[in-house]
Amino acid sequence: METYKQIDLNNYVQTGEGGTSLTYTHKTHPTMAKLFNLVNEAELAEREFLTARTVFEMGVPTPEPLQLVTDGERRGVEYELISNKRSFTRIISQEPERLEEISLVFARMAHELHTMKADTSRLTSVKERLRRFYLEKGDKVTEEYKARALDFIDKTPDADTCLHGDLHIGNVITDGRRNLWIDLGQFCYGEPEWDLGWLWTLCNNMDGQRSNFILHVTPETLKAHWNIFLAAYLGTNDQATIGQFTRRLMAYYAVRLPYMLDMQVQGRLPEDALRILPKMIG
C-alpha cells in the first residue's frame, strides 16, 4: 500500500468530471486533485501515479504528478495545475471551426508518441496486461472469445513503443503554449494498433449521451475527427489504404474492448457482442 496525503476538499473547487473520477482545483495552490470513484479507486490511483511519474520522467509532455492523496473516502493523485487549460474536445465544442486544426495537431502528437521508445523496465506491455485479464477474468467473455483473444495476443508482434492506453482527443490539454497528455493510468507499450483500435471505437461507436458527457462533442463530430486524424496519421488520403488499415484495427479493438469495459465500469459485454466480436479477431 502506497502512502496517501489527507486533503480537505473545503480547500478545493470541483472543476471536472470524467467517466471514472472527479477533479478538484486547489483554491490557493497551483495543484489539482483527481479522485477516483469508489470502485477500485486504490488500484487505479496507485497505478496512475506510478505510471504517470514514469511517463513524466521519460520526457513525455504531461503535467507533473506530485503525490497520492485521499479525502478520507476516495483515493487519487495530485498534479501540478495547468492554468487556463482546455482539453482539445472542449476547444472543438466551443469553437467547432477548429476541428480540422485540432485533429491534425492530435494526429501529429499521437504519431510522435507512437515512435517514442518506452521505459520497459518501469512500464507494462499491453500484451502482458491483456493476457493477464483474459487468464484472470475469462468469465467476462465466452470461452470462444477468450481462446481467440489469447491466440491473437500471442501472435501479434512485440514492440517497445509508447502507447497512451486510453487514446482520445479529450486526453490532451493545452494552455495555448503547451499541449500535454493527461489520464495516463493505462499508459504502456506495444504496437500502435492497440491504441488506434480503441480510438476507432470511441470515435465511431459512442452514443450521443456518452460522447457529450465524457468528451463534450457529438458522435458526428467524433466521426469527422477520426477521418481527419487517420488520414493525417497515416500520411495518405488514399481510401483503399485507409480502409485496409481500418479493417486491420478491428481485431485489436475486439480483443481490447472487454478489458477496457471491465477496467472502467467492471462491466460485461452484451450477449450479442459476445457472439459477434470474436469473429472480428479471426
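**Entry 1: β1 and β5**

I looked up Lys5 and found that this residue stands opposite Val69 in β5. The model is a predicted one, and I read every entry below with that in mind. I then checked how the two strands are joined: β1, residues 5–6, and β5, residues 65–70, run parallel and share two bridges.

**Entry 2: β5 and β6**

Next I followed β5 to β6, which covers residues 75–80. Five bridges join these two strands, and they run antiparallel. I noted two of the residue pairings. Leu68 has Val77 in β6 as its bridge partner, and Thr70 stands opposite Arg75 in β6. Between the strands of this hairpin I found four residues. I also looked at the backbone there: Gly72 takes a positive phi near 105 degrees.

**Entry 3: the sheet**

I then asked in what order the strands of the open sheet lie. Six strands form it, and I read the order as β1-β5-β6-β4-β3-β2. The pairing in this sheet is mixed. For the edges I have β1 and β2, the latter at residues 12–17, each of which pairs on one side only.

**Entry 4: Asp175**

I moved on to Asp175, in the loop that lies between β9 (172–174) and β10 (179–181). Is Asp175 buried or exposed? Its relative accessibility is 17%, and the cut-off for buried is under 20%, so I entered Asp175 as buried.

I looked up what the side chain reaches. It comes to the backbone nitrogen of Arg177 at 2.8 Å and to the backbone nitrogen of Arg178 at 2.7 Å. Leaving aside neighbours within four places in sequence, I listed the contacts of Asp175 as Ile82, Ser83, Asn84 and Lys85.

**Entry 5: α6 and α8**

Last I took the helix pair α6 (residues 192–204) and α8 (residues 219–234). Their axes come within 8 Å and cross at roughly 150 degrees. Angles over 145 degrees count as roughly antiparallel, so I entered α6 and α8 as roughly antiparallel to each other.

Which residues meet between α6 and α8? On the α6 side I listed Pro192, Leu196, Leu199, Trp200, Leu202, Cys203 and Asn204. On the α8 side they meet Pro219, Leu222, Lys223, His225, Trp226, Phe229 and Tyr233. I sorted the residues of this contact by type and got eleven nonpolar, two polar and one charged.

Terms used:
Residues numbered from 1 in each chain as written. Predicted model: local features only at pLDDT ≥ 70, side-chain atom pairs only at ≥ 80, totals over all residues. Heavy atoms only, no water. Pairing = 2+ DSSP bridges. Buried < 20%, exposed > 50% of the residue type's maximum accessible area, 1.4 Å probe, protein only. Polar contact = N/O pair within 3.5 Å; in protein donor to acceptor, adjacent residues only side chain to side chain. Contact = heavy atoms within 4.5 Å. Axes fitted to C-alpha atoms, helices over the stretch in contact; angles between N-to-C directions. Parallel < 35°, antiparallel > 145°, perpendicular 65-115°, else oblique. Nonpolar A, V, L, I, M, F, W, Y, C, P; charged D, E, K, R; others polar.
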